[in-house]
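Thanks for coming. I have one structure to show today, so please look at the screen for a moment.

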Amino acid sequence: MQTWSDRAVVAAQVIQAQVSRAPTIGVILGTGLGGVAANVEDGVTMSTATIPHYPASTVRSHAGVLIIGTISGAPVAVLSGRIHSYEGYEPGLLGFPVRVLHALGVRTLITTNAAGALNPEFSPGDIMVIEDHLSFPSLAGRSPLIGTEPEPGLRRFVDLTGAYALDLRRLAESVALDAAMTLRQGTYVMVGGPNFETPAEVRFLRLIGADAVGMSTAPEVIVARQLDMQVLGLSVMSNMAAGLPGALLDHDDVTAVMRRAAPNVARIIRGVIARLPA
Ligand code: HPA
(Lines give C-alpha, C1' and ligand atoms only; values in the text may rest on other atoms or scores of the structure.)
Protein backbone atom coordinates (compact mmCIF):
# COMPACT_ATOMS: atom_id res chain seq x y z
CA MET A 1 0.00 0.00 0.00
CA GLN A 2 1.26 3.49 -0.83
CA THR A 3 1.92 5.50 2.33
CA TRP A 4 1.73 9.29 2.67
CA SER A 5 5.55 9.30 2.69
CA ASP A 6 5.66 7.35 -0.61
CA ARG A 7 3.26 9.84 -2.17
CA ALA A 8 5.30 12.75 -0.80
CA VAL A 9 8.41 11.41 -2.54
CA VAL A 10 6.52 11.24 -5.86
CA ALA A 11 5.24 14.80 -5.34
CA ALA A 12 8.74 16.04 -4.44
CA GLN A 13 10.22 14.53 -7.62
CA VAL A 14 7.79 16.51 -9.78
CA ILE A 15 8.64 19.71 -7.87
CA GLN A 16 12.40 19.08 -7.93
CA ALA A 17 12.31 18.78 -11.72
CA GLN A 18 11.31 22.47 -11.86
CA VAL A 19 13.87 24.00 -9.48
CA SER A 20 17.64 24.08 -9.26
CA ARG A 21 18.22 24.38 -5.51
CA ALA A 22 16.74 22.25 -2.71
CA PRO A 23 14.91 24.25 -0.03
CA THR A 24 15.95 23.71 3.59
CA ILE A 25 13.37 26.03 5.16
CA GLY A 26 9.62 25.63 4.73
CA VAL A 27 7.04 28.34 5.36
CA ILE A 28 3.29 27.71 5.54
CA LEU A 29 1.16 30.83 5.20
CA GLY A 30 -2.17 30.96 6.98
CA THR A 31 -5.41 32.75 6.17
CA GLY A 32 -4.85 36.24 4.75
CA LEU A 33 -1.04 35.93 4.86
CA GLY A 34 -0.54 35.10 1.17
CA GLY A 35 1.11 38.52 0.71
CA VAL A 36 4.13 37.27 2.68
CA ALA A 37 5.02 35.23 -0.41
CA ALA A 38 6.07 38.48 -2.11
CA ASN A 39 9.22 38.27 0.05
CA VAL A 40 10.50 35.28 -1.90
CA GLU A 41 13.30 36.17 -4.29
CA ASP A 42 14.09 34.32 -7.52
CA GLY A 43 10.94 32.30 -6.93
CA VAL A 44 9.51 29.53 -9.07
CA THR A 45 5.75 29.38 -8.45
CA MET A 46 3.62 26.32 -9.07
CA SER A 47 -0.02 25.63 -8.37
CA THR A 48 -0.46 22.87 -5.81
CA ALA A 49 -3.02 21.44 -8.25
CA THR A 50 -0.08 20.38 -10.46
CA ILE A 51 1.56 18.41 -7.63
CA PRO A 52 0.68 14.68 -7.61
CA HIS A 53 -1.53 13.56 -4.70
CA TYR A 54 -1.82 17.15 -3.43
CA PRO A 55 -5.32 17.87 -2.10
CA ALA A 56 -7.23 20.89 -3.39
CA SER A 57 -7.80 23.70 -0.87
CA THR A 58 -11.43 24.78 -0.78
CA VAL A 59 -10.96 28.00 1.22
CA ARG A 60 -11.25 31.15 -0.86
CA SER A 61 -8.50 33.11 0.95
CA HIS A 62 -6.05 30.22 0.43
CA ALA A 63 -4.26 30.39 -2.90
CA GLY A 64 -2.87 26.85 -3.21
CA VAL A 65 0.58 27.72 -4.55
CA LEU A 66 4.07 26.54 -3.76
CA ILE A 67 6.87 29.03 -4.29
CA ILE A 68 10.48 27.89 -4.25
CA GLY A 69 13.18 30.53 -4.06
CA THR A 70 15.13 32.38 -1.39
CA ILE A 71 14.35 34.58 1.61
CA SER A 72 17.24 36.46 3.23
CA GLY A 73 19.49 34.44 0.91
CA ALA A 74 18.40 31.03 2.25
CA PRO A 75 16.61 28.42 0.11
CA VAL A 76 12.92 28.26 1.01
CA ALA A 77 9.71 26.56 -0.02
CA VAL A 78 6.66 28.66 0.77
CA LEU A 79 3.21 27.11 0.76
CA SER A 80 0.53 29.70 0.39
CA GLY A 81 -2.78 28.12 1.20
CA ARG A 82 -3.23 25.15 3.46
CA ILE A 83 -5.71 22.37 3.87
CA HIS A 84 -7.84 22.11 6.98
CA SER A 85 -9.55 19.38 8.93
CA TYR A 86 -12.87 21.21 8.48
CA GLU A 87 -12.69 20.72 4.72
CA GLY A 88 -13.41 17.08 5.44
CA TYR A 89 -9.96 15.62 4.76
CA GLU A 90 -8.85 12.54 6.62
CA PRO A 91 -6.30 13.30 9.36
CA GLY A 92 -3.32 11.73 7.58
CA LEU A 93 -3.76 14.00 4.57
CA LEU A 94 -3.34 17.12 6.73
CA GLY A 95 0.32 16.25 7.25
CA PHE A 96 0.96 15.55 3.57
CA PRO A 97 2.21 19.08 2.68
CA VAL A 98 4.80 18.80 5.48
CA ARG A 99 5.89 15.37 4.21
CA VAL A 100 6.37 16.91 0.76
CA LEU A 101 8.44 19.74 2.23
CA HIS A 102 10.56 17.20 4.09
CA ALA A 103 11.06 15.12 0.94
CA LEU A 104 12.28 18.31 -0.78
CA GLY A 105 14.95 18.81 1.90
CA VAL A 106 13.19 21.11 4.38
CA ARG A 107 14.39 20.66 7.97
CA THR A 108 13.12 23.91 9.54
CA LEU A 109 9.42 24.69 9.36
CA ILE A 110 7.88 28.11 9.99
CA THR A 111 4.13 27.77 10.16
CA THR A 112 1.68 30.65 10.52
CA ASN A 113 -2.02 30.93 11.18
CA ALA A 114 -4.92 33.22 11.97
CA ALA A 115 -6.27 32.79 15.47
CA GLY A 116 -8.85 34.19 17.82
CA ALA A 117 -7.33 35.84 20.89
CA LEU A 118 -8.40 34.17 24.15
CA ASN A 119 -5.91 36.09 26.28
CA PRO A 120 -7.67 39.39 27.11
CA GLU A 121 -4.34 41.22 27.02
CA PHE A 122 -3.94 40.45 23.31
CA SER A 123 -5.35 42.67 20.54
CA PRO A 124 -6.27 41.98 16.90
CA GLY A 125 -3.12 42.21 14.77
CA ASP A 126 -0.83 40.94 17.57
CA ILE A 127 1.58 38.16 16.65
CA MET A 128 2.10 35.30 19.11
CA VAL A 129 5.01 32.89 19.10
CA ILE A 130 3.51 29.48 19.85
CA GLU A 131 5.14 27.91 22.91
CA ASP A 132 3.01 24.78 22.96
CA HIS A 133 -0.35 23.57 21.71
CA LEU A 134 -3.51 21.82 22.74
CA SER A 135 -5.03 19.84 19.88
CA PHE A 136 -8.63 18.76 20.30
CA PRO A 137 -8.63 16.72 17.08
CA SER A 138 -5.58 14.74 18.26
CA LEU A 139 -7.00 14.24 21.75
CA ALA A 140 -10.22 12.97 20.15
CA GLY A 141 -8.58 10.36 17.93
CA ARG A 142 -7.94 12.44 14.82
CA SER A 143 -4.15 12.78 15.02
CA PRO A 144 -2.51 13.06 11.58
CA LEU A 145 -0.50 9.98 12.60
CA ILE A 146 -3.62 7.78 12.79
CA GLY A 147 -3.23 4.78 10.51
CA THR A 148 -1.04 1.83 9.85
CA GLU A 149 2.44 1.41 11.31
CA PRO A 150 4.74 4.11 9.85
CA GLU A 151 7.62 2.97 7.68
CA PRO A 152 10.91 1.97 9.31
CA GLY A 153 12.76 4.95 10.73
CA LEU A 154 9.61 6.91 11.59
CA ARG A 155 8.17 6.84 15.10
CA ARG A 156 4.51 6.17 15.69
CA PHE A 157 4.55 7.43 19.30
CA VAL A 158 5.95 10.90 18.68
CA ASP A 159 7.12 12.90 21.73
CA LEU A 160 5.77 16.45 21.46
CA THR A 161 7.74 17.84 24.40
CA GLY A 162 9.51 20.94 23.09
CA ALA A 163 7.74 20.62 19.73
CA TYR A 164 8.14 24.37 19.18
CA ALA A 165 11.92 24.82 19.21
CA LEU A 166 13.18 27.10 21.96
CA ASP A 167 16.06 28.34 19.76
CA LEU A 168 13.66 29.46 17.04
CA ARG A 169 11.35 31.13 19.56
CA ARG A 170 14.33 33.05 20.95
CA LEU A 171 15.38 34.07 17.44
CA ALA A 172 11.87 35.41 16.73
CA GLU A 173 11.98 37.36 20.00
CA SER A 174 15.33 38.91 19.13
CA VAL A 175 14.07 39.93 15.67
CA ALA A 176 10.97 41.55 17.20
CA LEU A 177 13.03 43.30 19.84
CA ASP A 178 15.38 44.81 17.26
CA ALA A 179 12.40 45.94 15.18
CA ALA A 180 10.64 47.37 18.29
CA MET A 181 7.68 45.10 17.56
CA THR A 182 5.51 43.58 20.27
CA LEU A 183 5.61 39.80 20.13
CA ARG A 184 3.33 37.71 22.33
CA GLN A 185 4.05 34.21 23.58
CA GLY A 186 1.52 31.57 24.44
CA THR A 187 -0.36 28.34 23.95
CA TYR A 188 -2.36 27.69 20.79
CA VAL A 189 -5.43 25.50 20.89
CA MET A 190 -6.65 23.77 17.74
CA VAL A 191 -10.36 23.16 17.41
CA GLY A 192 -12.11 21.42 14.51
CA GLY A 193 -14.15 24.34 13.13
CA PRO A 194 -15.36 25.59 10.75
CA ASN A 195 -17.89 27.25 13.05
CA PHE A 196 -16.39 29.70 15.50
CA GLU A 197 -16.61 28.79 19.18
CA THR A 198 -19.50 29.68 21.44
CA PRO A 199 -18.72 32.17 24.21
CA ALA A 200 -19.01 29.26 26.67
CA GLU A 201 -16.40 27.30 24.69
CA VAL A 202 -14.16 30.36 24.67
CA ARG A 203 -14.37 30.56 28.49
CA PHE A 204 -13.52 26.85 28.65
CA LEU A 205 -10.51 27.19 26.31
CA ARG A 206 -9.17 30.07 28.38
CA LEU A 207 -9.66 28.05 31.55
CA ILE A 208 -7.57 25.16 30.23
CA GLY A 209 -4.65 27.47 29.55
CA ALA A 210 -4.89 28.53 25.91
CA ASP A 211 -4.05 32.04 24.69
CA ALA A 212 -5.18 31.72 21.07
CA VAL A 213 -7.64 29.46 19.22
CA GLY A 214 -7.53 28.36 15.61
CA MET A 215 -8.43 25.58 13.20
CA SER A 216 -5.05 24.48 11.86
CA THR A 217 -1.32 24.04 12.49
CA ALA A 218 -1.28 21.25 15.09
CA PRO A 219 -1.41 18.40 12.50
CA GLU A 220 1.46 19.97 10.54
CA VAL A 221 3.56 20.36 13.66
CA ILE A 222 2.90 16.78 14.78
CA VAL A 223 4.03 15.43 11.40
CA ALA A 224 7.01 17.82 11.35
CA ARG A 225 8.10 16.42 14.71
CA GLN A 226 7.70 12.86 13.49
CA LEU A 227 10.14 13.90 10.74
CA ASP A 228 12.48 15.61 13.25
CA MET A 229 12.00 19.05 11.74
CA GLN A 230 12.58 22.15 13.88
CA VAL A 231 9.37 24.17 14.17
CA LEU A 232 8.53 27.83 14.68
CA GLY A 233 4.80 28.62 14.97
CA LEU A 234 3.42 32.14 14.61
CA SER A 235 -0.23 32.93 15.33
CA VAL A 236 -1.70 36.23 14.27
CA MET A 237 -4.67 37.44 16.30
CA SER A 238 -7.26 38.13 13.64
CA ASN A 239 -10.01 38.80 16.17
CA MET A 240 -10.89 38.59 19.84
CA ALA A 241 -12.55 35.21 20.41
CA ALA A 242 -16.34 34.96 20.65
CA GLY A 243 -17.92 36.66 23.64
CA LEU A 244 -14.84 38.78 24.45
CA PRO A 245 -15.13 42.57 24.18
CA GLY A 246 -14.52 43.69 20.58
CA ALA A 247 -15.07 40.23 19.04
CA LEU A 248 -15.76 40.49 15.27
CA LEU A 249 -16.14 37.04 13.77
CA ASP A 250 -16.77 37.54 10.08
CA HIS A 251 -14.37 35.68 7.75
CA ASP A 252 -13.85 38.86 5.69
CA ASP A 253 -13.00 40.91 8.82
CA VAL A 254 -10.60 38.17 9.92
CA THR A 255 -8.92 38.20 6.50
CA ALA A 256 -8.66 42.01 6.48
CA VAL A 257 -6.89 42.09 9.88
CA MET A 258 -4.54 39.37 8.64
CA ARG A 259 -3.66 41.27 5.48
CA ARG A 260 -2.72 44.29 7.59
CA ALA A 261 -0.56 42.12 9.88
CA ALA A 262 1.18 40.38 6.97
CA PRO A 263 4.10 42.88 6.66
CA ASN A 264 4.98 42.32 10.35
CA VAL A 265 4.79 38.57 9.93
CA ALA A 266 7.04 38.87 6.88
CA ARG A 267 9.51 40.94 8.90
CA ILE A 268 9.77 38.27 11.57
CA ILE A 269 10.12 35.49 9.01
CA ARG A 270 12.84 37.35 7.08
CA GLY A 271 14.68 38.18 10.30
CA VAL A 272 14.51 34.65 11.69
CA ILE A 273 15.74 33.16 8.42
CA ALA A 274 18.59 35.70 8.23
CA ARG A 275 19.70 34.69 11.76
CA LEU A 276 19.38 30.92 11.37
CA PRO A 277 22.69 29.15 11.82
CA ALA A 278 23.86 27.89 8.41
N1 HPA B 1 -11.68 30.80 16.48
C2 HPA B 1 -11.15 29.77 15.78
N3 HPA B 1 -10.38 29.90 14.73
C4 HPA B 1 -10.07 31.15 14.33
C5 HPA B 1 -10.58 32.28 15.00
C6 HPA B 1 -11.42 32.08 16.14
O7 HPA B 1 -11.89 33.04 16.78
N8 HPA B 1 -10.10 33.37 14.34
C9 HPA B 1 -9.34 32.90 13.32
N10 HPA B 1 -9.32 31.56 13.31
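I will go through two helix pairs, then the empty spaces, then a few single residues.

First, the ground rules. This is a predicted model, in which local features need pLDDT of at least 70 and side-chain atom pairs count only at pLDDT 80 or more, while totals for chains, interfaces and linings use all residues. Residues are numbered from 1 along each chain as its sequence is written, and side-chain values use heavy atoms, with hydrogens and water left out.

Now the helix pairs. Helices (H or I, at least four residues) and strands (E, at least two) are DSSP runs, numbered from the N terminus. Start with helix 1 and helix 3, the latter covering residues 96–104: they pack at an angle of about 55 degrees, and their axes are 8 Å apart. An axis is a line fitted to C-alpha atoms, for helices over the stretch in contact, and angles run from 0 to 180 degrees between N-to-C directions. That angle makes helix 1 oblique to helix 3. Angles under 35 degrees count as roughly parallel, over 145 as roughly antiparallel, 65 to 115 as roughly perpendicular, and the rest as oblique.

Which residues of helix 1 meet helix 3? They are Trp4, Ser5, Arg7, Ala8, Val9, Ala11, Ala12, Ile15 and Gln16, and on the helix 3 side are Phe96, Arg99, Val100, Ala103 and Leu104. Contact here means heavy atoms within 4.5 Å. By class, this contact has 10 nonpolar, 2 polar and 2 charged residues. Ala, Val, Leu, Ile, Met, Phe, Trp, Tyr, Cys and Pro count as nonpolar, Asp, Glu, Lys and Arg as charged, and the others, Gly among them, as polar.

The second pair is helix 5 (residues 166–178) with helix 8 (residues 251–275), at an angle of about 120 degrees and with axes 9 Å apart. Helix 5 and helix 8 are therefore oblique to each other. Helix 5 brings Leu171, Ala172, Ser174, Val175, Ala176 and Asp178 to the contact, and helix 8 brings Arg267, Ile268, Gly271, Val272 and Arg275. Those residues split into 6 nonpolar, 2 polar and 3 charged.

Next, the spaces. On a 1 Å grid over the protein atoms alone, a cavity is a set of points where a 1.4 Å probe fits but cannot get out; a pocket is an open set with protein on both sides within 12 Å along at least five of seven lines; lining residues have an atom within 4 Å of a point. Points are joined across faces, edges and corners, and a volume is the space filled by probe spheres set on them.

There are 4 cavities of 30 Å³ or more, and the largest has a volume of about 50 Å³. Its lining includes Ile83, His84, Met190 and Glu220.

The second largest pocket holds about 350 Å³. It is lined by 21 residues, of which Thr3, Trp4, Ile146, Gly147 and Thr148 are the closest to its centre. Helix 1 gives the most to this lining, with 3 residues.

Last, the single residues. The peptide bond from Gly193 to Pro194 is cis, with omega near 0 degrees. Pro194 sits in the loop between strand 7 (183–190) and helix 6 (199–207). Asp42, in strand 2, has a positive phi, near 50 degrees, and is not a glycine. Val65, in strand 3, touches residues including Thr45, Met46, Val78 and Leu79, leaving out those up to four places away in sequence.
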